[in-house]
Amino acid sequence: MSTKLKFWYNDIDKEKKGDKMEEYKVTIRDEEEMIELAQNIESEKFENMVICLNGDLGSGKTVFAKAFAHAMGIDEISSPTFSIIKEYNGELPLYHMDVYRVENNVENLGLSEYFEKNGVTIIEWADMIKEYLPKERLDIKIKVTGENTRLVILKPYGDKYTSICESVV
């Protein structure tokens, strides 16, 4: 599917530190814009891509994950809250993780194996397992700013992820 959508962001703020971009902030006005953001990022996907989603309950993490999956040709996904990891087949394999309830069992999950299985890994509540995340990844923090509005903060770790942010924002 991977066609880039024309996206009208309400507000964009790029913060630089030296020559490197530290983070990209985008104001999202509704669920449709969140879906478009996910689809735009999906259009730049690559093997072993890791996306870490963080935000309060109801902020839009699962909306983002479902939209990304749909853009990959995966029609039905559900939050993996009780199974922790769900695997899907699309243009690339998709590994959708919800680590909210993981607690002390992180070592037993074999997370690093998923990061190298030539697919895309999306992790909800990724802040809970920060020490186990790969060095190169895209962190996405979603903050609720109103009933339908969200502040989405994209923080790339690595050149590939910086290129994605530059391309979609």
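## Ground rules

Helices (H or I, at least four residues) and strands (E, at least two) are DSSP runs here, numbered from the N terminus. Keep in mind that this is a predicted model: local features need pLDDT of at least 70, side-chain atom pairs count only at pLDDT 80 or more, and totals for chains, interfaces and linings use all residues. Residues are numbered from 1 along each chain as its sequence is written, and side-chain values use heavy atoms, with hydrogens and water left out.

## Confidence

pLDDT is the predictor's confidence in each residue, on a scale from 0 to 100. The chain averages 86, and 84% of its residues reach 70 or more. Among the elements, strand β7 (residues 137–144) has the highest mean pLDDT, at 98, while strand β1 (residues 11–17) has the lowest, at 54.

Be careful with the start of the chain: pLDDT stays under 50 over residues 1–10. The model still gives that stretch 32 contacts beyond four places in sequence, a contact being heavy atoms within 4.5 Å.

## Layout

There are four helices and eight strands in the chain. Reading from the N terminus, the order is β-β-α-β-α-β-β-α-β-β-β-α. Of the contacts with a separation of 6 or more, 62% are between residues 24 or more positions apart.

On the surface side, the chain exposes about 8,800 Å², and carbon and sulfur atoms supply 44% of that. These areas come from the Shrake-Rupley method with a 1.4 Å probe; for residues, only the protein chains shown count as cover. Buried residues make up 49% of the 169 residues, where buried means under 20% relative accessible area, exposed means over 50%, and partly exposed is in between (1.4 Å probe, protein chains only).

## The core and helix α2

In soluble globular proteins, nonpolar side chains tend to be buried together. A nonpolar core is taken here as a set of buried Ala, Val, Leu, Ile, Met, Phe, Trp, Tyr and Cys residues joined through side-chain atoms within 4.5 Å. The largest one has 51 residues, and Ile41, Phe68, Ile123 and Ile140 touch the most other members.

Phe68 is one of the buried residues of helix α2 (residues 61–71), along with Lys61, Phe64, Ala65, Ala67, Ala69 and Ala71. The buried residues of α2 pack against α1 (31–42), β3 (49–55), β5 (93–98), β6 and β7. Leaving out residues up to four places away in sequence, Phe68 touches Ala38, Ile41, Glu42, Lys45, Met49, Ile51, Val120 and Ile122. After α2 comes Gly73, with a positive phi near 90°.

## Helices α1 and α4

Leu37 sits in helix α1 and is buried, because its relative accessibility is 0%. Its C-alpha atom is 9.6 Å from that of Val152, although the two are 115 residues apart along the chain.

In helix α4 (residues 159–168), the buried residues are Tyr161, Ile164, Cys165 and Val168. They cover an arc of only 95° around the axis, so they are on the same side of α4; the arc is that of the directions from the helix axis to the C-beta atoms. Ser167, also in α4, counts as partly exposed because its relative accessibility is 32%. The C-alpha atoms of Ser167 and Ile41 are 8.6 Å apart, with their positions 126 residues apart along the chain.

## Cysteines

Cys165 has a relative accessible area of 0%, so it is buried. Cys52 is buried too, with 0% relative accessibility. Taking a disulfide as a pair of cysteine sulfur atoms within 2.5 Å, the count comes to zero.

## Two positive phi angles, and Lys141

Asn118 lies in the loop between α3 (111–114) and β6 (120–124). It is not a glycine, yet its phi is positive, at about 60°. Asn118 counts as partly exposed because its relative accessibility is 38%. Trp125 is in the loop between β6 and β7, and its phi is also positive, near 65°, in a residue other than glycine. With a relative accessible area of 15%, Trp125 is buried.

Lys141 belongs to strand β7 and is partly exposed, at 35% relative accessible area. Beyond its neighbours within four places in sequence, Lys141 is in contact with Asn54, Leu151, Val152 and Ile153. Lys141 and Asp127 are 14 residues apart in sequence and 9.6 Å apart in space, C-alpha to C-alpha.
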